[in-house]
Amino acid sequence: MDHAVHLRAAVCLLGRFPALAGIDLDVERGEVVLLQGPNGAGKTTLMRVTAGLVPITRGEAVVLGHDLRRNRRAVRPHVALLGHAAGLYEDLTIEENIRFWARAAKSSLDPATAQDRAGIAPRLRALPVARLSAGQRRRASLAAFLVRDAQLWLLDEPHAGLDAESRDVLDHLVREAADSGVTVLLASHELDRAKLLADRQVVIAGGRTEPTPEALDVA
Amino acid sequence: MWHDALLVAGKDLRIEARSRVALNQVAPFGVLVLVLFAFALDPDRNVLVRAAAGLFWIAVLLSSLLAVQRSAGIEGADGVSDAQRLSGLDPAGIFLGKAAAVAVQLALLEVVLGVGVVVLYDVDVNGVLTLVATAVAATIGLAAAGTLYGVLAAGLRVRETLLPLLLLPVVAPVLIAATRASEAALTGLAVEVAPGDWLRLLVVFAVVYVAFGVVAYGMLLEES
Amino acid sequence: MKRGTSSALTMTLGIAAFLSLTATVVVGLTLPKTIEQGDYSKLIAIHPGIAWASYVALGVTALASALWLWPRTRSITYDLLAGASAEVAVVFTSLTLITGSIWGRPTWGVWWVWDARLTLSALMLALLLGYLALRRVPAESDVRARRAAVAAMLAVLVVPVNHFAVTWWRTLHQGRSLTQLTPENDLDGSFIFAMVLGFLAMTLVYAWLTVHRLRVARLEESLVDEDLELALEARRREAVLT
């Protein structure tokens, strides 16, 4: 059983609130799984648990071979999370941010390449993040995400805040990554796009996984 | 750990160079405190000169609150703390890096305030070596304790009011020791407790807090 | 689950504390007047005991925090004990300052003499208040416990440093110190007896207060656990409805 992600009856508390009330999820390496569900269902928390940021109180959680109940920190260098927050230092330029996060992650990827792939125009790279528009900031976050060179991608509403062209770029990046063996967990309300990317979908509601009748075919 | 510490220190100092908070806000605040002391104490030469060492260190202490708040605040913005925890940076390295950056800013601040004290309070400076040694030991202790309490209070909405309450009682011995050692150096008079003893106390404080920070910072970074 | 906090232990402690406290007061009041301080020398019966209890309280907070931090002995009881002891410590530290102040006033005519030990107690009070403020910030019990435990260790680490700093500081100013009020050994042995009795009484009072406070805290925590099951149920029901 060499799943990339294995969660069984996972319960996660945020303060007193059970954000996850029983998650069962098995994801193979190289799979692209779409997490579907209403707002507040627990998709974001599920991503954060998988990234090793948030502990679970009950159940099993093994990600990329690391038992999260024993040591959450060990899995973090191997995952990349693109969430709602930017994760960038406002006073530094895009270039400086990407360079910093690349060196922090001890990644061998070139910061310039990551920025290219995220579609950031060269003239923007020397601008402080505070001066960027929301869309440009999203792309900068994407570059910081890409430069980590992770084996497991956690994408929480990645299409939000991106224009149509950037969304295409993102989809292309996901397909490329999946083809090269990266595992992808994707939560998106852009269901049309997401279903094209995903191998299968999982429904989350009320902090629990719902059993689904069928898996999707990749077009 | 050291690689990460240098990386983080460089990042914090680069942010400072870009945003100039310490230069434009903290340093003027410190000088302002010195000026306000003069207003309150009436610039009769005797009073200010005798109190100069204490007033200097109080100004440094109050300014360090601002510097520490700023250092902690940088990591509070927009998902940065998540990114930091995901990054794989050694928490001990993050602590040393941030504390070092704060220490550098405090050191520069002390030079400015030192000039301020000499100019505004008309103080004669002797025993420069003791003064510098005292300042180095005290600054390291202040930076370490401040960075530690900064992360302790991080993410709390009440951080701005809680941090001073937590930090000031803890750095009270630094104030006492640094002031007495500086006074002894400035006046050059024989004193009952030698500056060397005060200096040793400052070093103990610094060592304890740096060690504690290296050990505990990682644990404190994990707020659920 | 029993909803009160009294038990055989607390009743025994309570009675013992009450008796020894009464004895202390009685013995204290029967102490002879001294030439220097008149009636105020009777404060020797309670002030040192109160100060001692405040140190015990701080020590228990530190020890409980250390036990919580050590993974093998981690238990929520230690976290709650640290908090309970800290609250009682605030009471005793404040009383130390008040009784110390009252004791010094007739001799020197001022309410505060910057005596080394009292100043140290004042700093301790500030540290304790900061610690309690930190505990009051709402958070999940594990997070709050960790934050508080580290804060407690930091506060305790600085107490010895504070001690030296303040003591050396005050040696520069010979003169007023509460140690001057404490009589020499060759004075009437009844003073020493009163002081020791006071130590005992205050320790018992501390223990009694802390046990009760700890139990109240545990009752509060058990309510939290009950709430969790209810919350899980409600969340699951949410899933069925959508």
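In this predicted model, the axes of helices H7(B) and H8(B) come within 9 Å. They cross at roughly 150°. An angle over 145 degrees counts as roughly antiparallel. H7(B) and H8(B) are therefore roughly antiparallel to each other. Their crossing is left-handed. On the H7(B) side, the contact is made by Pro173(B), Val174(B), Ala177(B), Ala178(B), Arg180(B), Ala181(B), Ala184(B) and Ala185(B). On the H8(B) side, the contributors are Pro195(B), Trp198(B), Leu199(B), Leu201(B), Leu202(B) and Phe205(B). By class, 13 of the residues in this contact are nonpolar and one is charged. No polar residue takes part.

H7(B) and H8(B) also appear where chain B meets chain C. Here, 27 residues of chain B are in contact with 26 residues of chain C. Three helices of chain B each give two or more residues to this side: H6 (128-152), H7 (159-187) and H8 (195-221). The largest share comes from H7(B), with 10 residues. What is the make-up, by class, of the side of chain B that touches chain C? It has 22 nonpolar residues, four charged residues and one polar residue.

Chain C also touches chain A. In this case, 11 residues of chain A are in contact with 11 residues of chain C. The largest share of the chain A side comes from a strand, E2 (residues 17-27) of chain A. That strand provides three residues. By class, the chain A side has six nonpolar, three polar and two charged residues.

Within chain C, helix H3 covers residues 76-108. This helix has 33 residues. From its first C-alpha to its last, H3(C) reaches 47 Å. That span is close to the 48 Å expected at 1.5 Å a residue. Just after H3(C) comes Gly109(C), which takes a positive phi of about 75°.

Confidence scores complete the description. The average pLDDT of chain C is 81. In that chain, 86% of the residues score at least 70. For the model, ipTM is 0.86 and pTM is 0.86.

Key
Residues numbered from 1 in each chain as written. Chains lettered and ligands numbered in written order. Predicted model: local features only at pLDDT ≥ 70, side-chain atom pairs only at ≥ 80, totals over all residues. Helix = DSSP H or I, 4+ residues; strand = E, 2+ residues; numbered from the N terminus. Expected span 1.5 Å × (residues − 1). Contact = placed C-beta atoms within 7 Å. Nonpolar A, V, L, I, M, F, W, Y, C, P; charged D, E, K, R; others polar. pLDDT = per-residue confidence, 0-100. Axes fitted to C-alpha atoms, helices over the stretch in contact; angles between N-to-C directions. Parallel < 35°, antiparallel > 145°, perpendicular 65-115°, else oblique. Left-handed = near helix turned anticlockwise from the far one by under 90°.
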